[in-house]
Amino acid sequence: MNLRKKYISKRDIVLDPFCGSGTTLVQSNELGMHAIGIDVSAFNALISNVKIGKYDFLDLDYELKRITKALRKFIADSKTVLFETKLTQELTKFNNKHFPSLSISIKWHLRKLMG
């Protein structure tokens with residue numbers, strides 16, 4: 001006999017007092033069972049609620065496209081890419097000056113040892 005059929009009924013309610021990200025709640029949901037999850041972490045509670053929520057995928061698609069468009073505009077307007085490019089260039093200059101490549105470092109140490 002299948003253990004799930006022997007010990008678990010769809011009328012049962014699963015209580016997970018330390019639900020974390022909600023894996024037990026998801027599994028209960030997939031089995032058609034009711035489940036209650038509790039967690040002290042608000043972040044974990046948020047994750048578990050998102051995992052077991054029901055969503056309208058057309059609305060979700062629309063919102064994702066809207067947010068992506070807004071983020072692209074924000075990045076373009078904020079000159080973040082320009083800043084990051086300039087920062088990378090300056091860090092490269094600094095690193096090349098103060099932290100030479102390994103081969104240069106080895107040559108320098110060898111010259112120092114040889115006299």
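These are my notebook entries on what I looked up in this structure, which is a predicted model.

**Entry 1: overall make-up**

I began with the secondary structure and found 6 helices and 2 strands in the protein. Reading from the N terminus on, I noted the order of the elements as α-β-α-β-α-α-α-α. I then looked up how spread out the chain is: the radius of gyration is 28 Å, well over the 13 Å that the globule rule gives for 115 residues, so the protein is more spread out than a compact globule. Along the principal axes, the C-alpha trace spans about 85 × 45 × 30 Å.

For the surface, I wrote down an accessible area of about 10,400 Å², with 65% of that area belonging to carbon and sulfur atoms. Buried residues account for 8% of the 115 residues. I also looked at contacts between residues at least 6 apart in sequence, and 31% of these join residues at least 24 apart.

**Entry 2: the two strands and the helix between them**

Next I turned to the strands, where strand 1 (residues 13-16) and strand 2 (residues 34-37) run parallel and are joined by 4 bridges. Within this pairing I picked out Val14, which stands opposite Ala35 in strand 2. Together with helix 2 (residues 23-30), the two strands make a β-α-β unit, and I recorded its hand as right-handed.

Which residues does Ser28 touch, leaving aside those up to four places away in sequence? I had chosen Ser28 as a residue of helix 2, and the contacts I found for Ser28 are Val14, Met33 and Ala35. Two of the names were already in my notes, since Val14 and Ala35 are the residues that stand opposite each other in the strands. I then checked the accessibility of Ser28, which has a relative accessible area of 4% and therefore counts as buried, the cut-off being under 20%.

**Entry 3: a salt bridge in helix 4**

A search of the whole structure gave me 5 salt bridges, and I followed up some of them. As background I kept in mind that side chains of opposite charge can pair when their charged atoms come close.

I looked first at Asp77 and Lys73, which form a salt bridge with the closest N and O atoms 2.6 Å apart. Both residues lie in helix 4 (residues 57-78), and because they are 4 residues apart there, about one helical turn separates them. Lys73 has a relative accessibility of 53%, so I entered Lys73 as exposed.

**Entry 4: a network in helix 5**

In helix 5 (residues 80-98) I looked up Lys86 and Glu90, which are 4 residues apart and so are separated by about one helical turn. Their side chains meet in a salt bridge, with a distance of 3.4 Å from N to O. Lys86 is partly exposed, at a relative accessible area of 45%, and Glu90 is likewise entered as partly exposed, at 34%.

Glu90 also forms a salt bridge with Lys93, where the closest N and O atoms are 3.4 Å apart. These two residues are 3 residues apart in helix 5, about one turn of the helix. Lys93 counts as exposed, with a relative accessibility of 52%. Through salt bridges that share partners, Lys86, Glu90 and Lys93 are joined into one network, and Glu90 is the partner named in the bridges to Lys86 and to Lys93.

Note on methods. Residues are numbered from 1 along each chain as its sequence is written. This is a predicted model: local features need pLDDT of at least 70, side-chain atom pairs count only at pLDDT 80 or more; totals for chains, interfaces and linings use all residues. Side-chain values use heavy atoms; hydrogens and water are left out. Two strands pair if DSSP finds at least two bridges between them. A crossover is right-handed if, with the strands pointing away from the viewer, the path from the first strand over the helix to the second runs clockwise. Buried means under 20% relative accessible area, exposed over 50%, partly exposed in between (1.4 Å probe, protein chains only). Contact means heavy atoms within 4.5 Å. A salt bridge is a side-chain nitrogen of Lys or Arg within 4 Å of a carboxyl oxygen of Asp or Glu. The radius of gyration is taken over C-alpha atoms; the globule rule is 2.2 Å times the number of residues to the power 0.38. Accessible areas come from the Shrake-Rupley method with a 1.4 Å probe; for residues, only the protein chains shown count as cover.
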